[in-house]
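Here is a short report on one structure. Keep the sequence and the 3D view open while you read.

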Amino acid sequence: MNTTAAVLTKTGQALEIRQLDIPVLKPGQVLVEISYSGVCHTQILECRGYRGNDRFLPHCLGHEGSGTVVETGEGVTRVRPGDKVILSWVKGSGHDVPGTVYSCEGEKVNAGAITTFQTHSVISENRLTVIPNNISMQEAALIGCAAPTGFGAVFNTAKARPGDSVAVFGAGGVGLCAIAAAAASGCVPVIAIDVNISKLSEAIEMGATE
């Protein structure tokens, strides 16, 4: 079986669309058919070479998305074939498998424990969460990175409390989630800062007061 993937072959250059051969699953790995993938700014910086020397080239990208479980490796218990799942860089319970190596016409293509810029991907069990029935696949993709990063920044790092004032610079996916978290924490005021007027309107809907 193979997968169509957008592969980073050289930093600063466009990704290449390649057909990769999928290896046999290791214990603790899961084969997922990708439905939606987010494009985190971290990945863009990596593509452009702003994160330093990349010793894993060529490699797959993407660390947030949603999909359907196709096959499970030995010992996997959290998910089973047919499950709709969230894919996230955030580690949960289950096997923690470092990554996999695909092949393309005899060349090795590296991948981490989670990659989502492809039609099918081998994922470590602990990066998967079954999607509740009331959440769509498209919405679920946001929970892979934007939601835990934004909420985590407010709940865990800033440790926001009722009455705290919060200013969020940038009302993109992560910023909007941070705004929602601040509002949920009872912070006043919650100030959204962005140069894009349409984003500021969304920020108000997410709980910004200013």
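## A serine and its surroundings

Leaving aside neighbours within four places in sequence, S124 is in contact (heavy atoms within 4.5 Å) with G28, H95, D96, V97 and A113. This is a predicted model, where local features need pLDDT of at least 70, side-chain atom pairs count only at pLDDT 80 or more, and totals for chains, interfaces and linings use all residues. Residues are numbered from 1 along each chain as its sequence is written, and side-chain values use heavy atoms, with hydrogens and water left out.

S124 lies in strand β9. Helices (H or I, at least four residues) and strands (E, at least two) are DSSP runs, numbered from the N terminus. With a relative accessible area of 2%, S124 is buried (under 20%, 1.4 Å probe, protein chains only). Its C-alpha atom is separated by 6.2 Å from that of V30, 94 residues apart along the chain.

## The sheet

Strand β9 belongs to an open sheet of 5 strands, in the order β9-β3-β5-β6-β10. The pairing is antiparallel; two strands pair if DSSP finds at least two bridges between them. β9 (120–124) and β10 (128–130) are the edge strands, and each pairs on one side only. On average, neighbouring strands are turned by 45° against each other, direction ignored.

Inside this order, β5 (residues 64–72) and β6 (residues 84–88) pair over 5 bridges in the antiparallel sense. T68 stands opposite K84 in β6.

## Two packed helices

Helix α4 (residues 173–184) packs against helix α5 (residues 197–206) at about 30°, with the axes 9 Å apart. Axes are lines fitted to C-alpha atoms, for helices over the stretch in contact, and angles run from 0 to 180 degrees between N-to-C directions. So α4 is roughly parallel to α5 (angles under 35 degrees). From α4, the contact is made by L176, I179, A180 and A183. From α5, K199, E202, A203 and M206 take part.

## Backbone exceptions

Most residues other than glycine have a negative phi, and most peptide bonds are trans. The table lists exceptions.

| Site | Backbone value | Place |
|---|---|---|
| L57 to P58 | cis, omega near -10° | P58: loop between α1 (41–48) and β4 (59–60) |
| V188 to P189 | cis, omega about -5° | P189: loop between α4 and β12 (190–193) |
| E105 | phi near 50° | loop between β7 (100–104) and β8 (107–111) |
| K159 | phi about 50° | loop between α3 (146–157) and β11 (166–169) |

Is E105 buried or exposed? E105 is exposed (over 50%), with a relative accessible area of 81%.

Notes:
Angles under 35 degrees count as roughly parallel, over 145 as roughly antiparallel, 65 to 115 as roughly perpendicular and the rest as oblique.
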